Amino acid sequence: MQQSPDLAVVRYGEAGIKSDKVRGQMLDRLAENVRAILDDRGIPGHVERHWSRLLIRPPEAGEFDADAAARAAADAFGVVSTRPAISTAPEADALAEAAVTLAADHPDGATFAVRANRAGSPETHPFTSQEVAAAVGAAIGDATGAGVDLDEPDRAYRLDVREDEAFVSAVEYDGPGGLPVGTQGKTVALFSGGIDSPVAAWELFKRGLEVVPVYLDLGDYGGPDHLARAVETAGTVARSAPHVDARLRVVPAGDLVDDLVDATGATRMLSLRRAMLRVAEAVAEDVGAHSVATGESIGQKSSQTGPNVRVTDAAATLPVHRPLLTRDKPEIVARAREIGTFVDATMNVGCERVAPDYPETNARLSAVEAAEPEDLFDRAEALADERYVVDGN
Ligand code: ATP
Ligand code: MG
């Protein structure tokens, strides 16, 4: 009998409801992505695909920390939850013994529930899920004296009973859900490193896209602190997808911004956004991306009003993904805190320094086009070639 968890069980969500063929491809990718995260963090473990789960088992030689493996795997996009678990024979006695082992650190006064999930034909095991849960619950109760609360237990003991093996766990880590990165192609995300754009990049990763972040260095309007913040937050987001090249691409756009500030007034920010989209599209073409993305949200700023988004989009030929389009700022902030990209907004962000005093909120495309330099898009596209890569990790 194992005294401590000897494997990690990885549960996934949407990937599992696809057709067999797509599901197989998605799970292969998920297994690869989980391996990459373990490698990146120096956590040993052997990732296997197994029925409707991934399992991380001990490596052939050396130590294995099932809890560390479970925590790391819970960062992989596509994962719903992970559990460090004890593997046992799929028999009631063995399950109870494993559960009692795990209950050794059951907190004083804490209630518990046993949740059982049994797969296989009814003849496979001599018990139903309910019966085995009740038997194991009785054993935990005897060992700990703890009370049962099936609705809101302080701790849930989980039994995952399969045909020839079972897993018992007392801890569960939530994953982000979504789809495995690399299953939906590539997008180029305009990334300022503020509050919104790192969250937008994270949401795109979550839907299985590879995200290539692009930062426009606004010259005198930006500055090294602004760039450093973008590098850092890009590095944080990329930690969950270490197998893709999500290093920040930095585009020196100071001269272009200076000229825009000279040439334009109320519609300046729209021309700047339009130029940014063209930079992103040029990068997209180089890296084989099918779309570009921003952290914009309807009405958040004057450049993001309903009518103005239409004017911005007119500059684009690729789809522009805006995962935060309908999110309120507090929701975005909450997500930023959760994923570790929230930075106190003490920094006067670059775009705010570029903005005119009285920005247009209901722009007409023709007026914006008339005001902006004729060669704006050509210059934007040429700038994309001057990009350099900064590795934040
Ligand atoms: P964020 O929205 O990322 O918190 P912000 O508030 O400075 O940064 P906004 O003015 O809201 O930016 O800009 C809207 C979007 O335009 C950003 O979400 C981002 O996609 C893009 N963007 C803004 N500034 C830059 C920049 N310097 N480089 C690349 N993209 C940018
Ligand atoms: Mg914003």
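User: What makes Val-354 a residue in contact with Leu-218 and Leu-272?

Analyst: Contact means heavy atoms within 4.5 Å. Leaving aside neighbours within four places in sequence, Val-354 has such contact with Leu-218, Tyr-221, Val-257, Val-261, Arg-268, Met-269 and Leu-272, so those pairs fit the definition. Keep in mind that this is a predicted model, where local features need pLDDT of at least 70, side-chain atom pairs count only at pLDDT 80 or more, and totals for chains, interfaces and linings use all residues. Residues are numbered from 1 along each chain as written, chains are lettered from A and ligands numbered from 1 in written order, and side-chain values use heavy atoms, with hydrogens and water left out.

User: Why is the pair of Ser-192 and ligand 1 called a polar contact?

Analyst: A polar contact is a pair of N or O atoms within 3.5 Å; within protein, one must be able to donate a hydrogen and the other to accept it, and residues adjacent in sequence count only if both atoms are side-chain atoms. Here a polar side-chain atom of Ser-192 sits 2.6 Å from an oxygen atom of ligand 1, so the pair qualifies. Polar backbone atoms join in too: one of Leu-190 is 2.8 Å from a ligand 1 oxygen, and one of Asp-196 is also 2.8 Å from a ligand 1 oxygen.

User: How do you know that ligand 1 is covered by the protein?

Analyst: Accessible areas come from the Shrake-Rupley method with a 1.4 Å probe; for residues, only the protein chains shown count as cover. On its own, ligand 1 has 550 Å² of accessible area, and the protein covers 97% of that.
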